[in-house]
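Welcome! Have a first look at the structure below, and then work through a few short exercises with their solutions.

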Amino acid sequence: MSDYWIRASEIGNYLYCRRSWWLKRSRGVATQNVREIAQGERHHRQHGQRVQQSLWLRRAAYALIFVVVALVTYSLVGGV
């Protein structure tokens, strides 16, 4: 049994292109589209940052809505 572990990224590579996965694993042939891969990784990283930012903005909006509703309720019940 081999000591070589198959990582999750390799499974993704295999599903995308079996021949490319095989060439890299058994023959050590490097991928030729390094620039495209780097652009894709950069795109995914930027997208992930935008998703995280949108989640924080949504949470901030919910908090702001809660504060406004609480203030309106307090003023209507007899506060100020």
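The exercises that follow deal with a predicted model, and each one comes with a worked solution.

**Exercise 1.** Find the helix that holds E10, and decide whether E10 is buried or exposed.

*Solution.* Start with the position: E10 sits in helix α1, which covers residues 8-16. Next, look at the relative accessible area of E10, which is 6%. Buried means under 20%, so E10 counts as buried. Finally, look at what surrounds this residue. Setting aside neighbours within four places in sequence, E10 has contacts with Y4, W5, W21 and R25.

**Exercise 2.** How many salt bridges does a search of the whole structure find, and which residues are linked in a network?

*Solution.* The search of the whole structure gives two salt bridges. Take the pair R7 and E10 to begin with: their side chains meet in a salt bridge, with 3.8 Å from N to O. Then turn to E10 and R25, another salt bridge, where the closest N and O atoms are 3.9 Å apart. E10 belongs to helix α1 and R25 to helix α2, so this pair ties together parts that are 15 residues apart in sequence. Put together, R7, E10 and R25 form a network of salt bridges.

**Exercise 3.** Sort the residues R7, E10 and R25 into buried, partly exposed and exposed.

*Solution.* Two cut-offs are needed: under 20% is buried, over 50% is exposed, and anything in between is partly exposed. R7 has a relative accessible area of 52%, so R7 is exposed. E10, at 6%, is buried. R25, at 36%, is partly exposed.

**Exercise 4.** Which residues make the nonpolar surface patch, and where is I11 found?

*Solution.* The patch is made by Y4, I6, I11, Y14 and L15, and its area is about 510 Å². Now pick out I11, which is found in helix α1. Its relative accessibility is 46%, so I11 counts as partly exposed.

**Exercise 5.** How much space lies in the largest pocket, and which element gives the largest share of its lining?

*Solution.* Begin with the volume: the largest pocket holds about 440 Å³ of space. It is lined by 16 residues, and the closest to its centre are N13, S20, K24, T31 and I37. Then go through the elements: α1, α2 (18-27) and α3 (34-77) each give two or more residues to the lining. The largest share comes from α1, with five residues.

Terms used:
Residues are numbered from 1 along each chain as its sequence is written. This is a predicted model: local features need pLDDT of at least 70, side-chain atom pairs count only at pLDDT 80 or more; totals for chains, interfaces and linings use all residues. Side-chain values use heavy atoms; hydrogens and water are left out. Helices (H or I, at least four residues) and strands (E, at least two) are DSSP runs, numbered from the N terminus. Buried means under 20% relative accessible area, exposed over 50%, partly exposed in between (1.4 Å probe, protein chains only). Contact means heavy atoms within 4.5 Å. Patches are made of residues with over 30% relative accessible area and no salt bridge: like charges are joined within 9 Å, nonpolar side chains (Val, Leu, Ile, Met, Phe, Trp, Tyr) within 5 Å. Accessible areas come from the Shrake-Rupley method with a 1.4 Å probe; for residues, only the protein chains shown count as cover. A salt bridge is a side-chain nitrogen of Lys or Arg within 4 Å of a carboxyl oxygen of Asp or Glu. On a 1 Å grid over the protein atoms alone, a cavity is a set of points where a 1.4 Å probe fits but cannot get out, and a pocket is an open set with protein on both sides within 12 Å along at least five of seven lines; lining residues have an atom within 4 Å of a point. Grid points are joined across faces, edges and corners, and a volume is the space filled by probe spheres set on the points.
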